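Here are some notes to read alongside the structure, written for someone who is new to looking at protein models. Please keep the three-dimensional view open and find each element as it comes up.

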Amino acid sequence: MSGSMRLLDERHVALKIELMLWSNKMDLLALSNTKGEVALHRLSWQRVWSLSPPQEGASVRAMAWRPDGKVIAIAYSTREVLLIDVENKETLHTSHMQSDIISLTWVQEQEAKSDNKGNPAQDNSRMPSVENASKFLPKLPPLSRSFGVNKINNEENLEDTKRIRDQANLNILLVGQEGSKLSLSIFGLFPCGVIDLQPYMKEAGCVSCGSVVDAAVSDDLKTMCVFVEEEKKLESTSTNNGRKIWAVILETPLLASHSKELYTLALKQGHISSLQGYLSSTMQAITEAWESILLEMDSKLASYASTVADGSVAADFLDLLMLGVPSAELELFLQRDLTEKGLKKLSHSIELSYTNIQKFVQKHVHCVGTSVSFHLTELRGMARHLERYAPLGLSEETVAASLSAAGAFLVKATEVQQVIDNSMKKNKAFFRWLFLAMLRLTDELAPADITKQTQQDLTFIAEFLCNFDGSTDTNSTVAIDQTVEQGNQTNTKSAIRPGTCTPGKKSRFNLERLGQYLIDQELSFPPEADKNPWSKLLADNPTLSQDPLIIPHFRKMSLVQQHNHLGSAIDAVFKEPAESIGQTFKLQRVVRLPDTAVTNPLYFGSDGSKDSNKIFRITIVYTGTDKRVVVAYPKNETSLNIIDIPTHIPRSEAMIPIQQTCLSFISPISDVVDTSLDKLSSPLFKINDMQFYVADILSLFLEKRGDDRSAVFIQFPLRLASCISVTVQGNPSTFHDLSPGDGTNLLDSSALRTIDNFVGSSLAVSGSRKVAVVLSENRCKVRLFEMEIEEDEEEDETMDATHSTIRDSDQSHLLDQSKSSEADMD
């Protein structure tokens, strides 16, 4: 491949850049800075968006693009992995790890083979009935923006908020962590195992297991190679006792043999997870609508309640109902504080909130509950294919339990709907009566339509006023705690969610029985079962009630409890697969790689030292056709190791051919300022960074030392390494201590591309997009290059930055102008 490259742009940024990563599907570059912010830039340096860290002080540890380029995974120092929608920077999913995150890798199963005509093969088994769900299920209605803190984004696609519906191939997110642990999740959502590598490494002789610095999976998903750094002891910091690196090769037969089943199961889990998020937002909206009712009522009656003794509020209203004569305090409150206009406004506001709750339950809760039941029913059908899904840990018993929980939730939602209808009747009757009472107090003529009150209306009003003052029993509290302390203290009000009244305090208003369904505790007033003919039938026939097809009814559980029960039942369905899949992986072999004399971490600096901003990372690539994994990493400051390990040889065969290459690059004699052995003028190039451009090309970012320090970019074909490589037979515990070969002699003179007036630190390349970006030594300046340009185009370009039109400052940096000026001064 030609080493031609063309400078596109140079930019300055306000804060130091830590990580850079190109998308392999679009010309997008992800950058993270020292504040933990992640920014997405186009090739033209136009900023797409900037994302703040999940919490103050958090830093970015690793990033990985989903293979289709539509989602980016970001790992933070808070042990969280966030999946971010590239289109709108919305957080699609958050995963929590048990230890610090070191690396992220997103791998994908190989594409389906083409047919004889060159058309991609259509694997219809990939899309079993997931897409058919839209034919049978109603479309989820959008949530009202008046309620709910956590809005669901892109309401046009509520059934797929995880953005996985268009995934045509199985892909897996690998999360390397400290403690030699590797987590796997399909689509970044469905956990399919946590691999503890310590037993394998200790068996191979590793004394102290450290961190997983990188991992890769073969295209056919049959093998996995994990690279682990042995823990570095503090007392052992000399370059003669550098870092030890181990390669753990695992056989993953289940991933390969059941990839279709894993794909279907993970897709189903993703859709159910989207529905669970929608349901949680709906429940939050219902609770907030209910709190609006309580706050409206409380705001009007609190002043009156504070002027009378405890228990007098309900008594005064009942006296007015039965005798038609109000107390002096109540009459003053109705005529001066509440007023007819205020009463109408209060009635309308509360009626509107009831209507919202009724709409949420009727349209949203029942709709999403039906969708969840549909997908769980399909899961049960999948679980009955024992030969396909039993190896993955999918159990029909747990799926049936979750389906029963979904049915019970819908039954409880129907019960809540009945309570809402009854509450609205009582509410209307109460306000109509109170309005009539206020008119009579002022001797005004009441309209004929409200003077007619039936005995049923009076019963509704009496029930509405029953326990109007609340109860000291916290288990029966269903309203906002309006605590008014008298005496030497100032009156205070504390709005608390329904049912969270402070123990020992009285809840001021216990309006009716809807609120008890919206708290996480048992119902204080469960429905009467003896009046329900279906409940009576089940009670008279215990055998019938135990039939698995009969949906249970938990009389004492609230709607919130039923929601939590449903969530726990669904979690149990996917818990067993998450634990059992990883247990099927088998160790093929453990290979200890040649040590590296680099003393700072192989991943981006976490030790806080002066040199922690240097990236000496492992870079690996799987060659699918040859079934080999190639790893490249620095041996020391001026040389690198390239190790080629076969991954298809079973463990029973001890003899495996491993190719070992050690390279260094020497500056031409004319470029050497001083030929002495002084470090600053050594003829050897310093290795700053490296990354695979494509499977057979290694991009190297070197530094020419001396008085005219400058960066050098090399595209090194791996085939050239075979000229000086050494074959190690067997399963070695140590490799040969090779002297570095001169990689410069293997290349044409034009392959060394000098970047004048630029001293770099790291790079990021993408062979699929044919782009590269290099980062300066102070990590505040970047240069973007277009790779593999035609020769006639190259003649019109120059690598000298002094002849380029370069902007002196970046107008689209990661911070606003005020922060930028402060950072520049620093």
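1. Before the first pair of helices, a word on terms: an axis is a line fitted to C-alpha atoms, for helices over the stretch in contact, and angles run from 0 to 180 degrees between N-to-C directions. Please also keep in mind throughout that this is a predicted model.

2. With those terms in hand, look at helix 5 (residues 312-323) and helix 11 (residues 455-465), whose axes come within 10 Å and cross at roughly 165°. Angles over 145 degrees count as roughly antiparallel, and helix 5 and helix 11 are therefore roughly antiparallel to each other. The crossing in which helix 5 passes helix 11 is left-handed. On the side of helix 5 the contact is made by Ala314, Phe317, Leu318 and Leu321, and on the side of helix 11 by Leu458, Ile461, Ala462 and Leu465. Sorted by class, the residues of this contact between helix 5 and helix 11 are eight nonpolar, no polar and no charged.

3. A second pair is formed by helix 9 (residues 396-441) and helix 14 (residues 559-580), which pack at an angle of about 165° with their axes 8 Å apart. Helix 9 and helix 14 are therefore roughly antiparallel to each other, and helix 9 passes helix 14 in a left-handed crossing. Among the residues that meet here are Ala401, Ala405, Phe409 and Lys412 in helix 9, and His563, Leu566, Ala569 and Val573 in helix 14. The contact of helix 9 with helix 14 has 14 nonpolar, five polar and one charged residues.

4. Turning to the strands, which residues stand opposite each other around strand 16? Strand 15 (residues 223-230) and strand 16 run antiparallel and are joined by seven bridges, and within this pairing Val226 has Val248 in strand 16 as its bridge partner. Strand 16 is also joined to strand 17 (residues 586-592) by six bridges, again in an antiparallel arrangement, and here Leu250 stands opposite Leu587 in strand 17. Strand 16 itself (residues 245-251) is mostly covered, since six of its seven residues are buried.

5. Further along the chain there is an open sheet of four strands, with the order 22-23-24-27 and antiparallel pairing. Its edge strands are strand 22 (686-694) and strand 27 (753-755), each of which pairs on one side only. On average, neighbouring strands of this sheet are turned by 25° against each other, if direction is ignored. Strand 22 and strand 23 (residues 697-704) run antiparallel and are joined by seven bridges, and Ile687 can be found opposite Leu702 in strand 23.

6. Is Glu18, a residue of strand 2 (residues 17-22), buried or exposed? A residue counts as buried when its relative accessible area is under 20%, and Glu18, with a relative accessible area of 12%, is therefore buried. The C-alpha atoms of Glu18 and Ser32 are separated by 5.6 Å, while the two residues are 14 residues apart along the chain.

7. Finally, it helps to step back to the whole chain, which has 16 helices and 30 strands. Of its 826 residues, 54% are buried. Among the contacts in the chain with a separation of 6 or more, 66% are accounted for by residues 24 or more positions apart.

Key: Residues are numbered from 1 along each chain as its sequence is written. This is a predicted model: local features need pLDDT of at least 70, side-chain atom pairs count only at pLDDT 80 or more; totals for chains, interfaces and linings use all residues. Side-chain values use heavy atoms; hydrogens and water are left out. Two strands pair if DSSP finds at least two bridges between them. Helices (H or I, at least four residues) and strands (E, at least two) are DSSP runs, numbered from the N terminus. Angles under 35 degrees count as roughly parallel, over 145 as roughly antiparallel, 65 to 115 as roughly perpendicular and the rest as oblique. A crossing is left-handed if the near helix is turned anticlockwise from the far one by less than a right angle, and right-handed if clockwise. Contact means heavy atoms within 4.5 Å. Ala, Val, Leu, Ile, Met, Phe, Trp, Tyr, Cys and Pro count as nonpolar, Asp, Glu, Lys and Arg as charged, and the others, Gly among them, as polar. Buried means under 20% relative accessible area, exposed over 50%, partly exposed in between (1.4 Å probe, protein chains only).
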